[in-house]
Amino acid sequence: MLPRHKTKEVQIGDRIIGGNQPIAIQSMTNTKTEDVAATVEQIRKLTQAGCEIIRCAVPTMEAAESLSEIKKQITIPLVADIHFDYKLAIAAMEHGADKIRINPGNIGSSDRVRAVVKAAKERNIPIRVGVNSGSLEKNLVEKYHGVTAEGIVESALDKVKMIEDMGYDNLVISIKSSDVMMCVKAHEIIAEKTDYPLHVGITEAGTLISGNIKSSIGLGLILNQGIGDTIRVSLTGDPVEEIKSAKLILRTLGLRKGGIEVVSCPTCGRTKIDLIGLANQVETMVSEFPLDIKVAVMGCVVNGPGEAKEADIGIAGGIGEGLIIKHGEVYKKVPENELLPALRYELEHWGE
C-alpha cells in the first residue's frame, strides 16, 4: 500500500477527518428525515454497527427543522444532504447540521451559493462539495468529448475555487461515478491537485451483490493508493449492510483493526451439514463481540483442523461430531447441533 495522501484536517461535530486520522465510515439514512423517530432509530442501528458519520436527505423545510430533534438523540456527526434549494442548506445549519453536502452547480446563482457559504462561515461548518459524473456540466462534457475523470475533477475544483474566492476553505471534496475505473482515475488525478479531505465512494453501485463487488474493487484500488479520508459503500438496501461492507474493506486492506473476521470454506460434495446457514449465523453472532480475532467455520475433516489452523478459533462439523478448534488443534468435541452455542461460550470467555 502506498503512503497515505496528506490532507488537511477538518472537524465535523466531534470527529476530525483528514490528516493522520483513521478513515471514517459514513452512511446515509433512507427514512423520511421528517419522521424523527424512524430516522433516529435507523441512525442508532447504524451507529451500533460502526457508522461514524451519518448523512440525511433534506428535501423540505420540515426535514431541515427536524434535524434539531434528531441531533439531540444521536451520538455521531450529522450531515445534511442538500440539492437545488439554498434556503434548505441555511436552515439545516441553523438546526444543527455538523456539515452540509451541496453541489454548487445545482444550488443556483453565485449569490445563493454565497449565502450558503456565509452561513457556514459564521458557524464554522464544513461544506462537502459533491460532484457526480451524472451531473457534469455540458461545457465539460463537450470539452472532454464525453463524461471523463478529467471532467469530473475539473468540475469539482471549479466549485472549490468558487467557494475559496468567497473566503471559505473549510471544505471536503466528493467526486463519484458509477463507472468504477473512471472513479478510480478521477481520485488519482484530484489527489495530486488538492489537499482537501476526500470522501470516497462508488455512486449508484447497485444491489447487495453488484454494489459490494463494484465498491470493493473501486474503494480497494483508491484506498490502496493512500487516497481517501472517509468512505461510503453505497448499496440499494438496508444501510446497515453498507457499514458491514465498509468495515470489511478497511480491515482487508489493513486500514482498520478490531472486529472478528469470519472465514469459511466454500462447501463441496463432502459437506454434510448446513454450512452456509451455519456460517451466516456465525457472522451475525460475532458482530456482538469487540474482539480482534479470526474465526473459521468449516464443513468437513479436510477443512477442519488443517485448513482452520490460521484462525484463532474455529468450528467444524459434518464429521459425525462437532469440533472446537484453536490454532489448528482440536480443543473440544461437542454435538454438531451445539456448535453455535459452544462457539458463543468460547467468545464470551475469550482471554480468560
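**Exercise 1. Locate Thr 33 and describe its surroundings.**

Step 1. Thr 33 lies in the loop between strand E3 (24-28) and H1. Helices (H or I, at least four residues) and strands (E, at least two) are DSSP runs, numbered from the N terminus. The model is predicted: local features need pLDDT of at least 70, side-chain atom pairs count only at pLDDT 80 or more, and totals for chains, interfaces and linings use all residues. Residues are numbered from 1 along each chain as its sequence is written, and side-chain values use heavy atoms, with hydrogens and water left out.

Step 2. The relative accessibility of Thr 33 is 2%, so Thr 33 counts as buried. Buried means under 20% relative accessible area, exposed over 50%, and partly exposed in between (1.4 Å probe, protein chains only).

Step 3. The side chain of Thr 33 reaches the backbone oxygen of Ala 57 at 2.6 Å.

Step 4. Neighbours within four places in sequence are set aside; Thr 33 is then in contact with Thr 39, Cys 56, Ala 57, Ala 63, Ser 66, Leu 67 and Ile 70. Contact means heavy atoms within 4.5 Å.

**Exercise 2. Characterise the packing of H1 against H10.**

Step 1. Helix H1 (residues 36-49) and helix H10 (residues 239-252) pack at an angle of about 15°, and their axes are 9 Å apart. Axes are lines fitted to C-alpha atoms, for helices over the stretch in contact, and angles run from 0 to 180 degrees between N-to-C directions.

Step 2. H1 and H10 are therefore roughly parallel to each other. Angles under 35 degrees count as roughly parallel, over 145 as roughly antiparallel, 65 to 115 as roughly perpendicular and the rest as oblique.

Step 3. The crossing of H1 past H10 is right-handed. A crossing is left-handed if the near helix is turned anticlockwise from the far one by less than a right angle, and right-handed if clockwise.

Step 4. From H1, Gln 42, Lys 45, Leu 46 and Ala 49 meet Pro 239, Val 240, Ile 243 and Lys 247 of H10. The residues of this contact of H1 with H10 comprise five nonpolar, one polar and two charged. Ala, Val, Leu, Ile, Met, Phe, Trp, Tyr, Cys and Pro count as nonpolar, Asp, Glu, Lys and Arg as charged, and the others, Gly among them, as polar.

**Exercise 3. Repeat the analysis for H7 and H8.**

Step 1. Helix H7 (residues 149-165) and helix H8 (residues 180-191) have axes that come within 8 Å and cross at roughly 50°. H7 is therefore oblique to H8.

Step 2. H7 passes H8 with a right-handed crossing.

Step 3. In H7, Ala 149, Glu 150, Ile 152, Val 153, Ala 156 and Leu 157 meet Met 182, Lys 185, Ala 186, Ile 189 and Ile 190 in H8. The residues of the contact of H7 with H8 divide into nine nonpolar, no polar and two charged.

**Exercise 4. Describe the environments of Ala 92 and Ile 100.**

Step 1. Ala 92 belongs to helix H3 (residues 86-94). With a relative accessible area of 0%, Ala 92 is buried.

Step 2. Ala 64 stands 28 residues from Ala 92 along the chain, and their C-alpha atoms are separated by 4.7 Å. Leaving aside neighbours within four places in sequence, the contacts of Ala 92 are Ala 64, Leu 67, Ala 80, Ile 82 and Ala 97.

Step 3. Ile 100 is part of strand E6 (residues 99-102). Ile 100 is buried, its relative accessible area being 0%.

Step 4. Beyond neighbours within four places in sequence, Ile 100 is in contact with residues including Val 79, Ala 89, Met 93, Val 116, Ile 125 and Arg 128.

**Exercise 5. Examine the backbone at Phe 84 and Asn 124.**

Step 1. Most residues other than glycine have a negative phi.

Step 2. Phe 84, although not a glycine, has a positive phi of about 75°. Phe 84 is in the loop between strand E5 (78-81) and H3, and its relative accessible area of 60% makes Phe 84 exposed.

Step 3. Asn 124 likewise has a positive phi, near 55°. Asn 124 is in the loop between helix H5 (110-123) and strand E7 (127-132). Asn 124 is exposed, with a relative accessible area of 52%.

**Exercise 6. Summarise the chain as a whole.**

Step 1. The chain contains twelve helices and 15 strands, and its C-alpha trace spans about 75 × 45 × 30 Å along the principal axes.

Step 2. Of its 352 residues, 51% count as buried. Among contacts in the chain with a separation of 6 or more, 62% join residues 24 or more positions apart.

Technical notes: A polar contact is a pair of N or O atoms within 3.5 Å; within protein, one must be able to donate a hydrogen and the other to accept it, and residues adjacent in sequence count only if both atoms are side-chain atoms.
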